[in-house]
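Biologist: Could you take a close look with me at the aromatic and nonpolar side chains of this protein? I'd like to see how they sit relative to the surface, and what surrounds them.

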Amino acid sequence: MDLSIIIVNYKTKEITADCLKTIKQSKDNLTKEVIVVDNGSDDGSIDYLKSKFPQYKIVSSGGNLGFARGNNFGAKLAKGKYIWLLNSDTLLKKNTISALMKLVKKNNSQIASCRLLNPNETIQPQGGYLPNLWRIALWMLFIDDLPFIKNIVKPYHQNLISFFESNQNPEWLAGTALLINRQLYQQLGGLDKNIFMYAEDVDFCFRALRQGVKIDYFSEPRLIHLGQASGSSRGAILGEYKGLKYLYQKHFPAWQSLFLRLFLKIGALLRLVIFKNRIYAEAYQLA
């Protein structure tokens, strides 16, 4: 089998159904399967999705495992050469799968993703470069947003729209639509089960890079991601802070964690003052 598409659903049955509908309408000649992992929804998601898409595997994980463990649960059922971790709030174009897989096979990609679009079809940034202390400092102090600086540095969060208009090799890509060779996924033990949500994509790409794996971003295949606003939510902000602390404990020398926490606290204070958003007061405490 060519491809296993894995979608984690948690109380988003209508949104997930919209995603599945676009997969069903895909124009490709691949052998593929779709596995929907329901993370303990109490809204009748499983029955609802099974009734609408009997051709797909709709399975229960047994509880709310989070994004990483939910995808790992689905990956254990997968039979495809590649697995595609796909957010439930995505809408595919009819040629998304065929265009992406064509490039993946041509380039022998081990990890890849495509262009993400906002609902208005503008480019939605994703990914960037590994979060070393230098990049964290530039990000927290808004330096990597300065016009001239942003064109020459390789930031943790790549927000330069022109970057995504051509094929690239960043150091991490978002888990929104992350395609991975199943053998590599198994070799690396899947997503880190200790991360409930946020930073699991950075961690996986970090571990892959250590194995010499190249990360491929392809600009031509594209899909719509509805959840771009989630970056301003409490869960996303606090989740990223928590995720970075965990990444530093796992991958970096202990002394660097002290500087990370300092930069995160400075960044939280600056954002609290500038944006008047009380979530950053919580982020300061968390850092």
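Modeller: Happy to! One cut-off first: a residue counts as buried under 20% relative accessible area, as exposed over 50%, and as partly exposed in between. Please keep in mind that this is a predicted model.

Let's start on the outside. Leucine 262 has a relative accessibility of 45%, so this residue counts as partly exposed. Leucine 262 belongs to helix α9, which covers residues 254-275. The side chain also contributes to a nonpolar surface patch of about 960 Å². Other members of that patch include Leu141, Trp255, Leu258, Phe259 and Ile266.

Two of these patch members bring us to the aromatic side chains. Across the whole structure, eleven aromatic pairs are found. A good one to begin with joins tyrosine 129 and phenylalanine 163: the ring centres are 6.4 Å apart and the planes meet at 75°, so the arrangement is edge-to-face. Tyrosine 129 sits in the loop between β6 (111-117) and α5 (133-140), while phenylalanine 163 sits in the loop between α5 and β7 (177-181), so their pairing ties together parts that are 34 residues apart in sequence. Both rings are covered: tyrosine 129 is buried at 7% relative accessible area, and phenylalanine 163 is buried at 10%.

Back on helix α9, tryptophan 255 and phenylalanine 259 form another edge-to-face pair, with 5.9 Å from centre to centre and 85° between the planes. These two residues are four apart in helix α9, so about one helical turn separates them. Tryptophan 255 is partly exposed, with 48% relative accessible area, and phenylalanine 259 is partly exposed too, with 40%.

The buried pair has further company: Tyr129 and Phe163 form one aromatic cluster with Phe164 and Tyr217.

Aromatic rings also meet charges here. Lysine 265 lies over the face of tyrosine 284, 4.2 Å from the ring centre. Elsewhere, the charged end of lysine 13 sits over the ring of tyrosine 48, at 5.2 Å from its centre.

For a contrast with the patch, have a look at helix α7 (residues 200-210): nine of its eleven residues are buried, so the helix is largely enclosed by the rest of the structure. Phe204 and Phe206 are among the buried residues, as are Val202, Cys205 and Arg207. The buried residues of α7 pack against several elements, including β6, β7 and α8 (234-251). After α7 comes glycine 212, with a positive phi near 85°.

Terms used: Residues are numbered from 1 along each chain as its sequence is written. This is a predicted model: local features need pLDDT of at least 70, side-chain atom pairs count only at pLDDT 80 or more; totals for chains, interfaces and linings use all residues. Side-chain values use heavy atoms; hydrogens and water are left out. Patches are made of residues with over 30% relative accessible area and no salt bridge: like charges are joined within 9 Å, nonpolar side chains (Val, Leu, Ile, Met, Phe, Trp, Tyr) within 5 Å. Accessible areas come from the Shrake-Rupley method with a 1.4 Å probe; for residues, only the protein chains shown count as cover. A salt bridge is a side-chain nitrogen of Lys or Arg within 4 Å of a carboxyl oxygen of Asp or Glu. Buried means under 20% relative accessible area, exposed over 50%, partly exposed in between (1.4 Å probe, protein chains only). Rings of Phe, Tyr and Trp (its six-membered ring) pair if their centres lie within 6.5 Å; planes under 30 degrees apart count as stacked, over 60 as edge-to-face and the rest as tilted. A charge sits over a ring if NZ of Lys or CZ of Arg is within 6 Å of the ring centre and within 35 degrees of the ring normal. Contact means heavy atoms within 4.5 Å.
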